[in-house]
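User: I would like to go through the labels attached to this model one at a time, asking in each case what justifies the label.

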Amino acid sequence: MINIVLDCSIELKENLINIMNDYDISMTTEINNQSIIIKEIHTINDIKDLEKRKNQFHCHVICIINDPNLAFDAIDLLPLSIWRKQNLIHDCQTLTDIISHKNIINDVMKFKSNSNTIIVNTKDIIYLESFSHYLVIHTINSDFRIREKISIAKERLKNFGFIQIHKSYLVNKKYIQTINSTSCKLRGDIILPIGKKYNQIQL
């Protein structure tokens with residue numbers, strides 16, 4: 001079930017609730033990385049506020065606009081969709097596609113690498129390796145280096161089956177083949193050490 005956070009006027013909120021009544025969604029006020037914020041956009045400041053929350057919670061967003069000129073600025077947020085207030089019933093139908101692709105949406109995560117944005121399916125990540133303020137994301141296809149602390153990555157990935165086995169390693173549990181108190185063997189004959197702090201890991 002998708003968690004929807006509505007950030008709009010009371011009147012618009014009531015309309016949205018009525019329109020989305022038949023969808024498999026949950027209305028909530030708590031934001032996490034599984035949420036979709038649906039926000040009514042009136043000004044550039046609304047877009048900036050939404051960008052701040054999107055970056056903070058690593059969630060998804062949908063923008064509702066009345067002024068077409070704001071659509072160009074809203075696109076920079078990479079929203080799941082931009083709905084026109086005057087065509088709300090029609091545009092809300094895109095929610096069907098969003099829900100039908102729920103697992104794909106929720107499994108995809110964006111990382112910053114210098115000035116580029118890397119989009120990675122979390123199911124393809126085997127493990128992450130920390131080097132100071134940098135992380136190397138090891139996937140089934142290739143490796144990526146991003147500027148992020150392992151503690152932040154751990155928080156972002158905590159709902160995707162990742163566990164920390166060492167101060168420098170986060171691993172995807174689905175790729176673990178064998179594990180003991182000192183080492184962890186992953187698919188592809190990758191062997192990583194287990195730190196003393198983490199040798200009581202529960203899979």
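**Labels and their grounds**

Analyst: To begin with the sheet, β13, β14 and β15 form an open sheet of 3 strands in the order β13-β14-β15, and their pairing is antiparallel. The model is a predicted one.

User: What makes β13 and β15 the edge strands?

Analyst: Strand β13 (176-179) and strand β15 (190-193) each pair on one side only, and that is the ground for the term. From one strand to the next, the twist averages 25°.

User: How do you know that β14 and β15 pair?

Analyst: The criterion asks for at least two bridges between the strands, and β14 (residues 183-186) shares 4 bridges with β15 in the antiparallel sense, so the two count as paired. Within this arrangement, Cys184 stands opposite Leu192 in β15.

User: Which residue in the loop between β14 and β15 do you single out, and why is it called exposed?

Analyst: The residue is Asp189, placed in the loop between β14 and β15, with a positive phi of about 60° although it is not a glycine. Its relative accessible area is 58%, and exposed requires over 50%, so the label applies to Asp189. Leu78 also has a positive phi, near 55°, in a residue other than glycine, and Leu78 lies in the loop between α3 (69-75) and β5 (81-84).

User: Why is the pair of Tyr127 and Tyr169 called tilted?

Analyst: A search of the whole structure finds 1 aromatic pair, formed by Tyr127 and Tyr169 with 6.1 Å centre to centre and 55° between the planes. The centres must lie within 6.5 Å for rings to pair, while planes under 30 degrees apart would be stacked and those over 60 edge-to-face; the angle of 55° falls under neither heading, and therefore the pair is tilted.

User: What does this aromatic pair tie together, and are its members buried or exposed?

Analyst: Tyr127 lies in strand β8 (residues 125-131) and Tyr169 in strand β12 (residues 169-172), so the pair ties together parts that are 42 residues apart in sequence. Both Tyr127 and Tyr169 are buried.

User: What makes the charged end of Arg145 a group that sits over the ring of Tyr134?

Analyst: The charged end of Arg145 is 4.1 Å from the centre of the Tyr134 ring, which satisfies the distance limit of within 6 Å; the definition also asks for a position within 35 degrees of the ring normal. The charged end of Arg156 likewise sits over the ring of Phe111, 4.7 Å from its centre.

User: How do you know that Cys8 is in no disulfide?

Analyst: The search of the whole structure finds 0 disulfides. For Cys8 the nearest cysteine sulfur, that of Cys92, is 10 Å away, whereas a disulfide needs two sulfur atoms within 2.5 Å, so Cys8 does not qualify. Cys63 fails on the distance as well, because its sulfur is 11 Å from the closest cysteine sulfur, in Cys59, too far for a bond.

User: Why are Cys8 and Cys63 called buried?

Analyst: Buried means under 20% relative accessible area; Cys8 has 16% relative accessibility and Cys63 has a relative accessible area of 0%, so both count as buried. Of the 203 residues of the protein chain, 43% count as buried.

How values were computed:
Residues are numbered from 1 along each chain as its sequence is written. This is a predicted model: local features need pLDDT of at least 70, side-chain atom pairs count only at pLDDT 80 or more; totals for chains, interfaces and linings use all residues. Side-chain values use heavy atoms; hydrogens and water are left out. Buried means under 20% relative accessible area, exposed over 50%, partly exposed in between (1.4 Å probe, protein chains only). Rings of Phe, Tyr and Trp (its six-membered ring) pair if their centres lie within 6.5 Å; planes under 30 degrees apart count as stacked, over 60 as edge-to-face and the rest as tilted. Axes are lines fitted to C-alpha atoms, for helices over the stretch in contact, and angles run from 0 to 180 degrees between N-to-C directions.
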